[in-house]
Amino acid sequence: MFKPLPSVPDHPALERELLERWEAEGTFDRLREQNAEGPRFSFMDGPITANAPAGVHHGIGRTLKDVFQRYKAMRGFRLRYQNGFDSQGLHVEVQVEKALGLNSKREIEEFGVAEFARRCREFVAEFAAVQTAQFKRLGQWMDWGNDYFTFSDTNIAYIWRFLQECHRRGWLYKGHRATQWCPRCGTSLSKHEQAGDENYAELEHPSLFVRFPLRGRDEALVIWTTTPWTLPANVAAAVNPAAEYGLRGGDWRLAVSGEEYEHVARGEELVGLEYEGPFDDLPAQEGIGHRVIPWDEVALDEGTGIVHIAPGAGAEDFQLSREHTLPVLGPIDDSGRFVAGYGSFEGLSTDEVVEPVIEALRERGRLVEAGTIVHRYPVCWRCRTPLVFRVVDDWFISADEIRQPMLEQNATCEWTPPQYGKRMDDWLRNMDDWNISRRRYFGLPLPFYPCVCGHLNVIGSRAELEERAVRGLEQLEELHRPWIDRVAIRCEECDGEVERIPEVGDAWLDAGIVHFSTLGWQNPEWIEEGNATGAARGLTTADLPDHAYWEDWFPADWVSEGRAQIRLWFYAQCFMAVTLDGRQPYKRVLTYENVLDETGREMHKSWGNAIELNEALERMGADAMRWVYCEQNPAQDMRFGYTLAEEVKRRLLTLWNSAGFLVTYANIAGWQPEWGREPEASHALDRWLVARTGQLVSEAEAAYERYWTPALTSAFESYVEDLSNWYIRRSRRRFWDGDAAALETLWWSLVQALRVVAPVMPFLADHLWRTLVPGGPESVHLAGWPEEAAPDDGLLEEMAAVRRVVELGRQARAQSGLKLRQPLRRLVVQGAEAAQGQASEIADELSVKEVEFGPVEATELRVKPNLPVLGPKLGKELGPLRAKLEAGEFEELDDGRLRVDGQELSPEEVIVERRGKDGWAVAGEDGLTVALDLALDDELELEGRAREAIHQVNTMRKDAGLEITDRIVLTLTRDLEPHADWIARETLAERVEYGDEIRIEKI
Ligand SMILES: [Zn+2]
Ligand SMILES: [Zn+2]
């Protein structure tokens, strides 16, 4: 006996139960043992930041990773399953600051850098545990507990090694340049961090028109700015040398054609003029002369065509200062507040200074106009604070020499969807030097020790640090600030003592190195728990393997992350691997777009439309969620929500119902499956289902092999549709009769289908497996991939043709208005020769007495003129022609041409409709036509009534709550007597009596 299935599955409940069983039975460990000698499939996990509970937008990546790892395991591959946590850098620091109520670097320093580092570690430990539980609940099989953490000393030392190599090649330099700066985080940010669309916001800013009086003239330049805080640092004004400027009322602005001016001059004529700066009285401005400079890039479509230049507060401004030897004034400090030298502005933030600046300009008669503007403005990718520009010293890795090798390596890599490979190329072609330094605390300590002698010492390993340290080693808890800052080393050039720079590294260095740090690149001996070092001690048991292991597993066969990672993780790992090893560290990539809410908006906690993973898992179940993710074309943004999930659950019910149907009839018949036995399949429908199942297996395999889950889900849904709405429907009678061949075929097919879909729906597939497969592998996940049956294309084609005929037959029925229960005499089929062997199936399905294959003559052509074409051509002659067409007075020629009244019409000139003649219902499509003879006689009508009665009685049985095993006494009306035996059989009646109306009585 199979355990009966309830009518609807309780997804969350059955999933929780399976999680316990997998744990108790060690299913995942057994799978790994089973594949221990299998071929290698190397997947490298992109680390997730352990700084918050995961949301549904993380679910897609987690699901895809799990789906393909499960698929590969079913094919017998040996995998590593190592999960990664991103655990240091700005992502973590900002969340910990929030949790601790700290909101500036000063507050962190008051709190204590050592304590802050410990809290960061605790915070990561907490959320790594939370996320682990979430991803387990989603069904993700990873080697939990053996995770890598990017803040381990081992990971840090591997990055040191990379940085030392960059230095050896002469790529490392300290740059003095204008950079995007977050005043809250107190650090510069690199272009790759900030490049995404999500790092911009629509903000309202002041919009000022300000007068700069020209020296020695009674005239002024009018400039436009949206950053009043930069005006105190003004040193120049730029004009477009080729543009025309006009003077009116003493003010110079870009000339507008059609307007009258007192004087018009080309921009180049203004170049060199000197003007009075807006805040010449500030100490910082002492001795600075202001002049007009040329700049081809001055925008002519907004403002006044004259741009105020403050090289210490803008990227392009800084660039111009290099070209024109302008002084650089840096008005603000790390936290975005005015420094000394700016009078009463000192200590104010860039926002707070706006009103005083406007006020001062107004007093001086310099303000022409003050308003506001809403524009797209960059905000910090981490804390959403609007950014400013500052000129600072940052550390960079030059990209010049690595760019070409990276492009060449990327060309060897297969991207899915393919257009993302081109995006990666675009990014690589345009990437700037890598800004790697951040002025923060809990991050990779950059191992740079610049000596007063001018030599830059770069440490490449922990051993080298220990060897060269002159003090501080004894207190070095881990390779983080503040402990690392207290270690001084000996300069290799002059033997003097040198200290580390205070900066930490870009977090993408942390994630980019993992192909080396987790796999033991150039490590001579395997070190147990060698990745559980520094801050990672106690959080993982991950080993540091030896170099032979790295040789085995590098490069990864496959990686998968969202599209934004092109400029982040994909870029960082490519940069680092090509530098260290010369090769791209991954051979294939699957990337995907964003997860939006059901209405297509981005999900944000503050908008109230973000969904936490746990909430969704408990509400809809993991399988339905995974299905939603897998159906999605990864090249498009996906919409995620509960309505969608309900819809998916409804569709998945067809599989459940089919399994339930099998369980019910197998139990009634006392039928038991035999594991490993192939169905005999002598009946045509059985042979077809076996072939159809083979087709599913090969379609699914093709979809998995090209990493394209939407093809898998659609192949599966169409298979289940065929199984349920064709095979089961057509075989009902056999199931009622307990036909062993039908039960065996359905069972075997369902079991293969469960194996195919197990990677996508690991819970439901295993639940049904455990219900249906006694005596086989305990879990579908241990059952391996189904062997592909030899395809039988002829049979599949035949049944596909049958289904098309039936589909059109139903359409014709629907047109006729006659119920399917009313049998008809005849169906004529033209253009489906492949279906000829199945005439009786078609007849039965459409309830017709006979099916004829041959030309359909029961149609007539209705032809109308195609007015837009024929109207202009014929003019007045159209009317008579139309009448002739309507009257059918035309001759059909070849190629769809017609002859009417001596005129030939082309197919484009007419609209042709093929309709059934009176007494026929016709339907056609793509060369296939079917015609139903609608003529009824007494015999047909009586049979129609009998079928109606069967339906009515079975409805009564259901309403009375009768089981399939219950028998009845049936009362029929006398006219149905000729069909009484048949009706009795179909309604499980023991005895028939006659009366005024149809009644049933349970025996
Ligand atoms: Zn910030
Ligand atoms: Zn030195």
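Good morning. Let us begin with a single cysteine: C453 is partly exposed, because its relative accessible area is 39%, and that value falls between the limits of 20% for buried and 50% for exposed. Please keep in mind throughout that this is a predicted model.

C453 is of interest as one of the residues that hold a metal. The zinc ion (ligand 2) is coordinated by the SG atoms of C451, C453, C491 and C494, at 2.2 to 2.3 Å. Along the chain, these donors follow the spacing C-x1-C-x37-C-x2-C. Is C451 buried or exposed? C451 is buried, because its relative accessible area is 9%, and the limit for that class is under 20%. Why is the arrangement around this ion called tetrahedral? The four donor atoms around the zinc ion (ligand 2) subtend angles of 102 to 115°, and the term applies if all angles lie between 85 and 135 degrees.

I turn now to the other zinc site. The zinc ion (ligand 1) has as its protein donors C182, C185, C380 and C383, each through SG, at 2.2 to 2.4 Å. Here the angles subtended by the four donor atoms run from 105 to 117°, and the arrangement is therefore tetrahedral. The spacing of the donor residues of the zinc ion (ligand 1) in sequence is C-x2-C-x194-C-x2-C. Within this set, C185 and C383 link distant parts of the chain, being 198 residues apart. C185 sits in the loop between strand 4 (172-182) and strand 5 (187-188), whereas C383 sits in the loop between strand 15 (367-378) and strand 16 (388-397). Both C185 and C383 are buried.

Next, the backbone. Most residues other than glycine have a negative phi, and most peptide bonds are trans. Some places in this model depart from that pattern.

Which peptide bond near T416 is cis? The bond from T416 to P417 is cis, with omega near -10°. P417 belongs to the loop between strand 17 (414-416) and helix 13 (419-430). R481 and P482 are also joined by a cis peptide bond, with omega about 0°. The loop that holds P482 runs between strand 22 (469-471) and strand 23 (488-490).

As for phi, T325 is not a glycine, yet its phi is positive, at about 45°. T325 lies in the loop between helix 10 (315-324) and helix 11 (354-363). T325 counts as exposed because its relative accessibility is 72%. D901, likewise a residue other than glycine, has a positive phi near 55°. Where is D901 found? D901 is in the loop between strand 34 (898-900) and strand 35 (903-905). With a relative accessible area of 60%, D901 is exposed.

Let us also consider a helix. Helix 23, covering residues 709-736, bends by about 45° at I728. Just after helix 23 comes G738, with a positive phi of about 70°.

Finally, I come to a sheet. Three strands form an open sheet in the order 1-2-3, and their pairing is parallel. Strand 1 (48-49) and strand 3 (148-149) are the edge strands, each pairing on one side only. Strand 1 pairs with strand 2 (residues 84-86) in the parallel sense, over two bridges. Which residue of strand 2 is the bridge partner of I48? The partner is F85.

Thank you for your attention.

Note on methods:
Residues numbered from 1 in each chain as written. Chains lettered and ligands numbered in written order. Predicted model: local features only at pLDDT ≥ 70, side-chain atom pairs only at ≥ 80, totals over all residues. Heavy atoms only, no water. Donors = N, O, S within 2.8 Å, 3.2 Å for Na, K, Ca; no water. Tetrahedral: all angles 85-135°; square planar, octahedral: opposite > 155°, others 65-115°. Buried < 20%, exposed > 50% of the residue type's maximum accessible area, 1.4 Å probe, protein only. Bend = angle between axes of the 7 residues up to and from the residue. Helix = DSSP H or I, 4+ residues; strand = E, 2+ residues; numbered from the N terminus. Pairing = 2+ DSSP bridges.
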